[in-house]
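Me: I would like to go through the salt bridges of this model. Please keep the answers short.

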Amino acid sequence: MKAEPFYAGRGRVRRQPLRTFKELCDELGIPRNRMTVLLGRPDAPKPELKHVQGASAATWYKPGAFRAWFAKLKAEGAAQ
């Protein structure tokens, strides 16, 4: 059995790309202040990555999990 060289995995995507909070709000067509209220729910998805630098901050989420959660909210009638 021949082993793969150490560089064999270079260039492959190991993770799915994340989306920022703003990108997801724009994609789903809901205002950011309304989405912030909805993210206070206990079943809300947690951010995968947070970055804070001075007064600016950004959070990234897994888009698939976020969309599934939002679809569930729409079915319940909570997201309007």
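**Salt bridges**

Reply: The structure holds five salt bridges, a salt bridge being a side-chain nitrogen of Lys or Arg within 4 Å of a carboxyl oxygen of Asp or Glu. This is a predicted model, in which local features need pLDDT of at least 70, side-chain atom pairs count only at pLDDT 80 or more, and totals for chains, interfaces and linings use all residues. Residues are numbered from 1 along each chain as its sequence is written, and side-chain values use heavy atoms, with hydrogens and water left out.

Me: Which residue meets Lys-22 in a salt bridge?
Reply: Lys-22 lies in helix H1 (residues 21–28), and its partner is four residues apart from it in that helix, about one helical turn. Helices are DSSP runs of H or I, at least four residues, and strands are runs of E, at least two, numbered from the N terminus. With N to O at 3.0 Å, the partner is Asp-26.

Me: Is Asp-26 buried or exposed?
Reply: Buried means under 20% relative accessible area, exposed over 50%, and partly exposed in between (1.4 Å probe, protein chains only). Lys-22, at 42%, counts as partly exposed. Asp-26 has 52% relative accessibility and therefore counts as exposed.

Me: How many residues apart in sequence are the parts that Glu-27 and Arg-67 tie together?
Reply: The side chains of Glu-27 and Arg-67 meet in a salt bridge of 2.6 Å, N to O. Glu-27 lies in helix H1 and Arg-67 in helix H3 (residues 63–76), so the parts tied together are apart in sequence by 40 residues.

Me: Which residues are linked in a network of salt bridges?
Reply: One pair, Arg-41 and Glu-76, meets at 3.2 Å, N to O. The network links Arg-41, Asp-43, Lys-72 and Glu-76.
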